[in-house]
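Okay, thanks for having me. Let me put the structure up, and then we'll walk through a few spots together.

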Amino acid sequence: MNPWPRPLSALCRGLVPLSTRTIVQTTTVAAKLKTIDDLPGPTFFTTVFWLFVKGYADKSHLLQGLQKSLYGPIWRSRFGPFDLVNVASPELIAQVIRQEGRYPVRAVLPHWKEYRDLRGQAYGLHVDKGLEWYRMRSALNSKLLKLQEVSAYAPIIHQVVEDLLQRIEFLRIGSPDQATVSDVAAELYKFGFEGIASILFETRLGCLKEDIPKETVRFITAVNDMMTLSEIVVVLPRWTRYVLPFWKRFVQAWDDLYDTARTLIDKRLADLQAQMERGELTGGLYLTYLLSCGKLTQSEIYICVTELLLGGVDTTSNTLSWALYHLARNPHVQDRLYSEVNAVCANRRKPDADDLRRMPYLKAVIKETLRLYPVVPGNGRFTTENEVIVDNYRFPKKPRPDTVLPR
């Protein structure tokens, strides 16, 4: 784990593409507003030096902190195909959010779109935009963002948690001192993968077993490879694909990822159809809902479920890793949290949704962890609908997403 917390600028920074419907009112005279060309920021060569000579390529949150200290809470940076306006203060971020509109356009992933076109797949949430993006998001959200709906997943998550605890105990007993787990972060990553997959695919993948199934290993490897290669291929010129292996490996990783997800979804669909043919009730959770609600095509379900998996694994494992790290370093916080959990769920009773509402300190621990260590270093919005005014800078409407306001 990276021992350095991400600075506020990392939490706030994002690609703020100039896309919104509502324009923030300002007392600044329009003629006095500055343009993107007036923003401070590093040159292309300075950015390359920081990334590849100073070693910030995999420490973007630290680079953001450095840039904020040099250029202030709003600055411009350019690298590869990206022209970014970085916003790193709560006040400026609020200005951006108020102007993002009903259908915000996030940072474009041209290499993801190219892969989708290459394979004839649906675009999904990360590539599609506008009404289509909103339609898919609305279908996906209804069973994920409401506590009453999410509580239905508690039994399967309890099973995964129990498997994690058994796995940790097994590793402790097998260690030289019978107490130490040498790589807790890796186990938490497998826990996150198993947990989110058990909801999305309504099946267990065996990530926490001693001998992980080959198909599950292939799935995990594909996720890691795709995410790593994604950051590389997006900044490389197209001609490099003929001399460097990264694009082919990126396509292969997506193929493995998509094929495995499709196989799992098709298996669940076949099970549901067999149940119906036998006249049995077709009970199920999230995937069953998606397959039966009629709001998404089967191709859209394949890609949306895959993208949800990508967004759920690191989110869980990163947050758990840092939370446990700081609880270990702050025993008084750990004791207070333990007392709260033990008071609400006495005698090791498994918590339910109502119990979580009675654990404010647990919520505080998680929120503080996310404040210090956000899972991603930025979020972005493109300006494609109306002009946007942030601070005293005017960013005109763009016909296509090519300038991004990071926050």
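So, to start us off: is L244 buried, partly exposed or exposed? Before I answer, keep in mind that this is a predicted model. The answer is partly exposed, because the relative accessible area of L244 comes out at 32%, and that falls between the 20% and 50% limits. If you're looking for L244 on the screen, go to the loop that connects helix 10 (214–233) with helix 11 (246–277).

Now, L244 turns up in two places. On the outside, L244 joins W239, Y242 and V243 in a nonpolar surface patch of about 530 Å². The cut-off for joining a patch is over 30% relative accessible area, so L244, at 32%, gets in.

L244 also helps line the largest cavity, along with V233, L236, P237, T240, R241, F246 and W247. How many cavities of 30 Å³ or more are there? Just 1. The volume of the largest cavity is about 50 Å³. Sorting its lining by class gives 6 nonpolar residues, 1 polar and 1 charged. The polar one is T240 and the charged one is R241.

Okay, backbone next. I've got a couple of phi values for you. Q178 isn't a glycine, yet its phi is positive, near 55°. You'll find Q178 in the loop that runs between helix 8 (154–174) and helix 9 (184–200). Q178 has 55% relative accessibility, so it counts as exposed.

The other one is D391, again not a glycine, with a positive phi of about 60°. Where does D391 sit? In the loop between strand 4 (388–390) and strand 5 (393–395). D391 counts as partly exposed, because its relative accessible area is 36%.

Right, on to salt bridges. Searching the whole structure turns up 27 of them. I'll show you a few, going along the chain.

In helix 10 there's a bridge between R218 and E215, where the closest N and O atoms are 3.3 Å apart. Why is about one helical turn the right way to picture their separation? Because R218 and E215 are 3 residues apart in that helix. As for their surroundings, R218 has a relative accessible area of 29%, so it's partly exposed. E215 is at 45%, so that residue is partly exposed as well.

Next, helix 15, residues 353–357, which holds both D354 and R357. These two are also 3 residues apart, about one turn of the helix. Their salt bridge has its closest N and O atoms 2.6 Å apart. D354 is partly exposed, with 48% relative accessible area.

Then helix 16, residues 360–372, where E368 and R371 are 3 residues apart, again about one turn. Their side chains meet in a salt bridge at 2.9 Å, N to O. E368 is partly exposed at 36% relative accessibility, and R371 is partly exposed too, with 43%.

One more thing on this topic: which residues are joined into one network by salt bridges that share partners? Those are R167, E187, K190 and E210.

So if you take one residue away from today, make it L244, which is in the lining of the largest cavity and also in the nonpolar surface patch. That's what I had, happy to rotate the view for anyone.

Note on methods. Residues numbered from 1 in each chain as written. Predicted model: local features only at pLDDT ≥ 70, side-chain atom pairs only at ≥ 80, totals over all residues. Heavy atoms only, no water. 1 Å grid on protein atoms, 1.4 Å probe; cavity = no way out; pocket = protein on both sides within 12 Å on 5 of 7 lines; lining within 4 Å. Points joined across faces, edges and corners; volume = space filled by probe spheres on them. Patch = residues over 30% accessible without salt bridge, like charges linked within 9 Å, V, L, I, M, F, W, Y side chains within 5 Å. Areas by Shrake-Rupley, 256 points an atom, 1.4 Å probe, with all protein chains shown as cover. Salt bridge = Lys/Arg side-chain N within 4 Å of Asp/Glu carboxyl O. Helix = DSSP H or I, 4+ residues; strand = E, 2+ residues; numbered from the N terminus. Buried < 20%, exposed > 50% of the residue type's maximum accessible area, 1.4 Å probe, protein only.
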